[in-house]
Amino acid sequence: MASSSSSCDATGVPFTLLGALITAGPAAWPACVGDGRAFLRDYARRGTNALLWAGLLSVTWVLLLRVAAMLRLWALGSRIPGPRALLADPGLAAVLRDGGDITGWWPFLSPPYSLFILTGFGSVGWVQLVGFLSKLHGRYGPVVRLWVGPSQLLVSVIDPTLVKEVLTKAEDKLPLTGRTYNLACGKLGLFVSLFQKVKSTRDSLKIFLNEKLTVGAGQSSFKIIDAVLNRINTIMSKDFMDTRSFSQHMAFNIIGATLLGDAFFDWSDAAAYEELLMLVAKDGCFWASYAIPPFWRPSYRRYRTLCAKLKILTESVIRKSRQNSSLNHFDQRSCLKSEGTDPNTHVLDNIMASHCLHGAAGGPLNSEEEIFGNIMGLMLHGISASANLIGNILTRLVLFPELQDQLHAEIVSVCNESSKLEVDDLLRMQVLLATVCESARLLPAGPLLQRCSLKHDLRLGSGITVPARSILVVPLHLVQMDASVWGDDADQFNPHRFLKKDVDIGEILGAPKGSNRINIFSECAKTESFLPFGSGSRECVGQKFVVLAISMLIASLLRSYEVQPHPSLSKEMGTAVDSSHLHLPNPKIILTKRRI
Ligand code: HEM
């Protein structure tokens, strides 16, 4: 016997709500189907089922994609030499616990996911990390893989040719780098992961910074250094100062005045800004390392408040700087005017101007917010990294008084007493440039260059394929202290190696190849192992500017002052330098005016 439901002819009943609306309605349906309310209930049930199925299918699809990506990562990753197991090294646990710092700006993943958060100014974390990678490279060769999580592959490269290839081919930064700067500076177009996003801003910034020091033009004295040095007399009213704070203060003034123009010098909030900036730089990487911002932690909220204050101050100095600038606001004039960039304006206008051009070419205009963010990011990175290098050089000068004498003699011989120092003079100061380079070689601003290729696998010439989204690192300290390249004394401070061994920093200085003035660097045999400013698509945009600016600062300083250790410290100085040179003391120094 047929059941009542099977005898019900429901074919006339519409399947969808739309269908129901355009038919004559429930009145036209067979009685066994029920009234309109029953239809809606049935419709809701069917709809919910469909949605659940769709959700289930999408989640399954995403999971399958993830699993497939993970299997692919495992398959490709396992072909790269390296330890088999997931990372379980007790030594690195200590590194994990260390705090992070934008100066190092080699941020990694975080508690609880992370491998390590690296600190600036030569922390213990550096030593452990470098030691660990050194062991791995010793065992597995120049390319080593390290599983830092089931779906996270770190690949470390130290072979100079492969390093160059990696830094050129892999154009993206780790997303965490961008997050760190985003957290501190808000929206910004520099330092973020995707190369395509940073490219145009990088280009205009490069032009601006390079034109600040027109190398080889013969007539450009570096006014900012004069202004900075004028401040030394005020600072010297104190008995002594520690190298770190002095270097930070010098770097702050040089970078601040370069980016923001003269307005920076008579800015009443400068001291507060400097303090705030360093606080924000110190903790940025740590907080950004959380996958979900820890809003519930009061210390995190305090950090956000500091960032907000810094942002307000940055905006106020930028406004002040704009008022001072000859180009008051970015307008059509500035767009038309600046195909190249005008070195007399400040960087803000140039970045804006370049984006006007960009806009004319169809690209999006930078928002004001992004421009403020860029300037803030540059201040954070530029000041921290420059302070590190200046401090390193000053410490070496204190440690090696005979080098200081040699530098002074060189400075005096290159420029006569009354003349102003010019950039051209600097290019003749070979020992000075070599000292800057050697200091940068031995103590880079961060221990690792980091890259990733977000979208594509990376096929290296050596036949190795690095899967997309792997973390690629170049341990600078291992590369720059490689005895097979730099000789047995690779870990010793010896600026003269740059004179003898012909490392080409001509490119950094932007001088023509073979130029007489810098022929010390005319051959490039070791260049690929000298990477304090990185290399390739994401290399430091400020390198030429900063090498010359710091050389100018040191030359101007040594011309008028002798840098001496404070008497209370001089005895311990000799032993304070750790053999790996990853730790430098922070000596108290006295600047004694030279008798002319
Ligand atoms: C001694 C001082 C400095 C050091 C040691 C330094 C070092 C570095 C390093 C290692 C990188 C990454 C390179 C790579 O991954 O290949 C970098 C990137 C960069 N640096 Fe510097 N830097 C210094 C000063 C400056 C200054 C003064 C500025 C500008 C005011 C600057 C602007 C940049 C920019 C824009 C990038 C690239 C960001 C990107 O591509 O997203 N740097 N720097």
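How far apart do the end C-alpha atoms of residues 50-75 lie, and how much of the span is helix or strand? In this predicted model, those end atoms are 37 Å apart, and the span is 100% helix with 0% strand. An unreviewed UniProt entry lists residues 50-75 as a "transmembrane region", along with residues 12-29.

Let's move on to helix α11, which covers residues 270-288. At 1.5 Å a residue, its 19 residues should span 27 Å, and the end C-alpha atoms are 26 Å apart, so the two values agree. The helix also has a kink of about 30 degrees, centred on Lys282. Buried residues of α11 include Tyr273, Leu276, Leu277, Met278, Val280 and Trp287; Glu274 and Cys285 are also among those buried. The cover over the buried residues of α11 includes the four helices tabulated here.

| Helix covering α11 | Residues |
|---|---|
| α7 | 175-185 |
| α10 | 243-260 |
| α12 | 298-324 |
| α15 | 368-399 |

Finally, take a look at Cys540, which UniProt lists in an unreviewed entry under "binding site". Cys540 sits in the loop that runs between α22 (506-509) and α23 (543-560). Is Cys540 buried or partly exposed? Its relative accessibility is 21%, and buried means under 20%, so Cys540 counts as partly exposed. Setting aside neighbours within four places in sequence, Cys540 is in contact with His381 and Phe533.

Note on methods
Residues numbered from 1 in each chain as written. Predicted model: local features only at pLDDT ≥ 70, side-chain atom pairs only at ≥ 80, totals over all residues. Heavy atoms only, no water. UniProt positions renumbered as here; feature names shortened; annotations may be inferred. Helix = DSSP H or I, 4+ residues; strand = E, 2+ residues; numbered from the N terminus. Buried < 20%, exposed > 50% of the residue type's maximum accessible area, 1.4 Å probe, protein only. Contact = heavy atoms within 4.5 Å. Expected span 1.5 Å × (residues − 1). Bend = angle between axes of the 7 residues up to and from the residue.
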